[in-house]
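Trainee: Could you take me through one part of this model up close? I'd like to look at a single helix together with the sheet it sits on.

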Amino acid sequence: METIIKTVNLSCKSGKRHLLKQINWEVKKGERWVIFGMNGSGKTTLLSIIAGFKAYTSGDLEVFGQHYSDKNILQLRRKIGWVSSSFFDRYLKEESALHIVLSGLSGTLGLDYNITPADVRRAKALLRELRMDGKMDRPFDTMSKGERQNVLIARALISKPEILVLDEPGTGLDVYAREHMMNTVRELAESDMTILYVTHYPEEIQPLFTKAMLLRNGRIYAQGNTVDVLTSEKISALMEEEVEVLRSEDGMLRMKMEAPSNIRKIYFGEEV
Ligand SMILES: Nc1ncnc2c1ncn2[C@@H]1O[C@H](COP(=O)(O)OP(=O)(O)O)[C@@H](O)[C@H]1O
Ligand SMILES: [Mg+2]
């Protein structure tokens with residue numbers, strides 16, 4: 001299969017500090033990756049670079065065989081649906097659901113694009129499919145976490161992207177909204193869309209993710225087939241804690257950790 005994302009020694013520094021270091025990664029068309037790592041490991045940084053929303057400082061990145069440039073950035077961004085509340089929450093305020101979805105066509109946060117009546121119909125249809133009927137004029141900053149997530153998914157899908165990037169889509173959702181989001185991802189995975197899914201919740205890792213990357217301190221700790229990467233041994237080493245990775249019959253993952261032995265003492269205020 002065709003390689004659609006390729007990084008070679010990709011690094012990103014902020015001042016003297018490395019947010020990402022020497023990332024070598026290749027994603028082929030149709031692959032579905034889960035990117036797993038603790039808070040601060042660099043997941044959002046990596047994916048915002050890939051989605052064309054952040055610059056890297058050294059190394060190389062090609063998406064669809066091209067380097068980002070002023071000329072192609074908007075066109076490339078439209079081919080990569082980027083769903084990240086940790087990114088968009090910073091920039092979106094009073095924009096309505098419909099406005100945000102239509103902004104996906106321009107590859108920016110604005111509407112500097114020739115919107116047609118057909119675009120508006122498609123945006124509304126997507127919002128309806130994502131259970132946002134009757135809420136299309138709601139400002140972003142008054143929406144619940146789950147509603148925001150649905151609007152961002154609709155925004156990503158309106159340009160019919162080839163790659164869908166979901167940055168912690170389950171964070172902050174209640175159990176129903178989360179189930180719904182996971183079903184949406186499952187349905188999208190039935191098309192040949194390439195999916196990159198960031199999470200630190202093992203219970204969101206559905207069997208559809210056949211590839212996995214573990215990130216730690218801005219470096220790739222392991223990558224490859226999920227069965228080889230999401231193992232008790234590798235996850236324990238990643239988290240520096242004894243973790244048992246269990247797979248249920250339906251292929252879902254669960255991680256079991258030992259409670260720290262001194263928790264009772266701390267909890268009951270005894271001397272440790
Ligand atoms: N623009 C930035 N400038 C400086 N540090 C940043 C910036 N963005 C993120 N960081 C830092 O980089 C590290 C990785 O962040 P991030 O990619 O958001 O991690 P993750 O998504 O895995 O939680 C964190 O320590 C974060 O504080
Ligand atoms: Mg993040």
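Mentor: Sure, here is the helix, then the sheet around it, then a few odd spots elsewhere. Keep in mind that this is a predicted model.

Let's get the overall frame first. The protein chain has 10 helices and 11 strands. Its radius of gyration is 20 Å, close to the 19 Å that the globule rule gives for 272 residues, so the chain is as compact as a globular protein of that length. Along the principal axes, the C-alpha atoms fill a box of roughly 65 × 40 × 40 Å. Of the 272 residues, 35% are buried. If you take contacts between residues at least 6 apart in sequence, 63% of them join residues at least 24 apart.

Now zoom in on α1, which covers residues 43-50. Six of its eight residues are buried, so the helix is largely enclosed by the rest of the structure. The buried ones are K43, T44, L46, L47, I49 and I50. To read that list, remember that an α-helix has 3.6 residues a turn, so residues three or four places apart point the same way. Just after the helix, G52 takes a positive phi of about 80°.

The helix also matters for ligand 1, in that α1 gives the most to the shell around it, with three residues. The full set around ligand 1 is S14, L19, G37, N39, G40, S41, G42, K43, T44 and T45. By type, that shell divides into one nonpolar, eight polar and one charged residue. Two members of the shell, K43 and T44, turn up among the buried residues of α1 as well.

What does α1 lie across? It lies across β3 (32-36), β5, β6, β7 (194-199) and β8 (211-216), and it runs at about 155° to β6. Helix α7 (residues 175-189) packs on the sheet too, touching β3, β6 and β7, and its direction makes about 155° with that of β7.

The sheet itself is open and has six strands, in the order β5-β6-β7-β3-β8-β9, with mixed pairing. At the edges stand β5 (80-84) and β9 (219-225); each has a single partner strand, so one side of each is left without a neighbour in the sheet. From one strand to the next, the twist averages 15°.

Stay with β5 for a moment, since it is one of the strands that α1 lies across. Its partnership with β6 is parallel and is made by five bridges. Across that pairing, G81 stands opposite L164 in β6, and S84 stands opposite D167 in β6. Edge position or not, β5 is mostly covered, with five of its five residues buried. In a regular strand the side chains alternate between the two faces of the sheet. Here I80, W82 and S84 are on one side and G81 and V83 on the other, and they are all buried, which leaves both faces of β5 covered.

For contrast, try N9, which is found in strand β1 (residues 3-14). Is N9 buried or exposed? It counts as exposed, because it has 11 C-beta neighbours inside 10 Å. Even so, N9 has partners from farther along the chain: leaving aside neighbours within four places in sequence, it is in contact with Q22, N24, G59 and D60. There's also I23, which is 14 residues from N9 in sequence but 4.9 Å away in space, C-alpha to C-alpha.

Finally, two backbone oddities to check in your viewer. Most residues other than glycine have a negative phi, and most peptide bonds are trans. F64, though, has a positive phi near 50°. It is found in the loop between β4 (58-63) and α2 (73-78), and it counts as partly exposed because it has 17 C-beta neighbours inside 10 Å. K160 likewise has a positive phi near 50°. Its place is the loop between α6 (145-157) and β6 (163-167), and with 13 other C-beta atoms within 10 Å it is partly exposed too.

Note on methods: Residues numbered from 1 in each chain as written. Chains lettered and ligands numbered in written order. Predicted model: local features only at pLDDT ≥ 70, side-chain atom pairs only at ≥ 80, totals over all residues. Near = placed C-beta within 6 Å. Helix = DSSP H or I, 4+ residues; strand = E, 2+ residues; numbered from the N terminus. Nonpolar A, V, L, I, M, F, W, Y, C, P; charged D, E, K, R; others polar. Buried ≥ 20, exposed ≤ 12 C-beta atoms within 10 Å, placed from the backbone. Contact = placed C-beta atoms within 7 Å. Rg over C-alpha atoms; globule rule 2.2 N^0.38 Å. Pairing = 2+ DSSP bridges. Axes fitted to C-alpha atoms, helices over the stretch in contact; angles between N-to-C directions.
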